[in-house]
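Open the model in your viewer and keep the sequence panel beside it. We will make a few selections together and look at what each one shows.

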Amino acid sequence: MMRLHFLIKVTFFIGISQTALAEPSPELIYNLKGTIVKVHTVTGTGRQGSGSGVVVAENLVATNCHVLADSVGSNITAMGETYSPVGVRADWKHDVCILRFEFLPLKPAAFGDSNHLTYETSTFSVGFPGGAPKPLTTTGKIKALYPMDDSYVIRTSASFQMGASGSPLFDDQGKLIGMNTFKSPGANGYFYNVPAKWIKAAMNLPETDKVIQTDTPFWDATLEKRPYWMQVVLPMQAGKWQDLLTVASAWQREAPNDPEAIYYLALAQNNLGEVEQAKTKFERVLVLNPHHTSSILALAQIAKEQGAQTALKDFSRMLSVLDESSLDLLNPTTK
């Protein structure tokens, strides 16, 4: 056990140098706002809606397909001007739609690599949450990456609300890595972004002159058809640990080396009193992914409960480097 703990520490500090923690500069945000648009829609019954979008190439704007769902008309506004699309390219399964315009005088955002991201690196998004009249910026960090369809769905700590769907997610260099798309239910929901790789793929799809829904977004499928990383959220939030154990066990059997599958299995075991088994799995997660803050926090809490002061100090140091706010969960204060 001592040797494994040492390996975790060494792996962590080798990998931590690659973690970007810088906040975006005001100049970077200002320049990127020229790539952001507000999407307006109207349904056949006259109901109006709004979302966000980002210019991804000359005359092309990416947004979520669910922003356009049931619409019979749409347009975008940017810099005080309104533009109407002449075509749409839609990937309904991945919830990525591309609107095409003629003579759109807006510069595109530069794409980043959404297939090589790291937990706890800084991100930010710019959009119109709540239908805000001007684009607003939210910041956060990558908290999880879920393999799906040759890329990764990105979960961040930055919250978003209605109107922010379609907002671009940037890395700390201002490169487009994803798009705000959906959140899990509940007050403490998770916030997910589809990857830039899916946006690039949608840009090459056949075009139609109107919105025609051909599929259901993967996140809106029936519960049993959703990815395991979505199925674990509700039992976790409700503290239904046996249910979580069942789902996480099925996930881990399907993906035995997925750090997230192992983490949720360990979380269930820990809360069911199987502490040593859980501890071994949390440690395995860190060998696979040294930036997995949730596992570090869980091991720190176990060390604290077991009075293992050296391990507690080490894990606390890791948390202070990756996500200092996690220390508040380890050492809550009463007011």
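Here is a short tour of a sheet and a disulfide.

Before clicking, note that this is a predicted model, where local features need pLDDT of at least 70, side-chain atom pairs count only at pLDDT 80 or more, and totals for chains, interfaces and linings use all residues. Residues are numbered from 1 along each chain as its sequence is written, and side-chain values use heavy atoms, with hydrogens and water left out.

**The sheet.** Colour by strand (strands are DSSP runs of E, at least two residues, and helices runs of H or I, at least four, both numbered from the N terminus). You should find an open sheet of seven strands in the order 5-4-1-2-3-7-6, with antiparallel pairing; two strands pair if DSSP finds at least two bridges between them. Now select 81-83 and 87-91: these are strands 5 and 6, at the edges, and each has a single partner strand, so one side of each is left without a neighbour in the sheet. From one strand to the next, the twist averages 30° (axes are lines fitted to C-alpha atoms, and angles run from 0 to 180 degrees between N-to-C directions).

**Strands 1 and 2.** Next, pick residues 36-43 and 48-57, which pair in the antiparallel sense over seven bridges. Zoom in on H40, and you will see S50 of strand 2 opposite.

**The disulfide.** Finally, show C65 and C97 as sticks: a disulfide joins them, S to S 2.1 Å (the cut-off is a pair of cysteine sulfur atoms within 2.5 Å). C65 belongs to helix 3 (residues 65-68) and C97 to strand 7 (residues 96-100), so the pair ties together parts 32 residues apart in sequence. The torsion about the S-S bond of C65 and C97 is about 100°, so this disulfide is right-handed. Both C65 and C97 are buried (under 20% relative accessible area, with a 1.4 Å probe and protein chains only).

Methods
Buried < 20%, exposed > 50% of the residue type's maximum accessible area, 1.4 Å probe, protein only.
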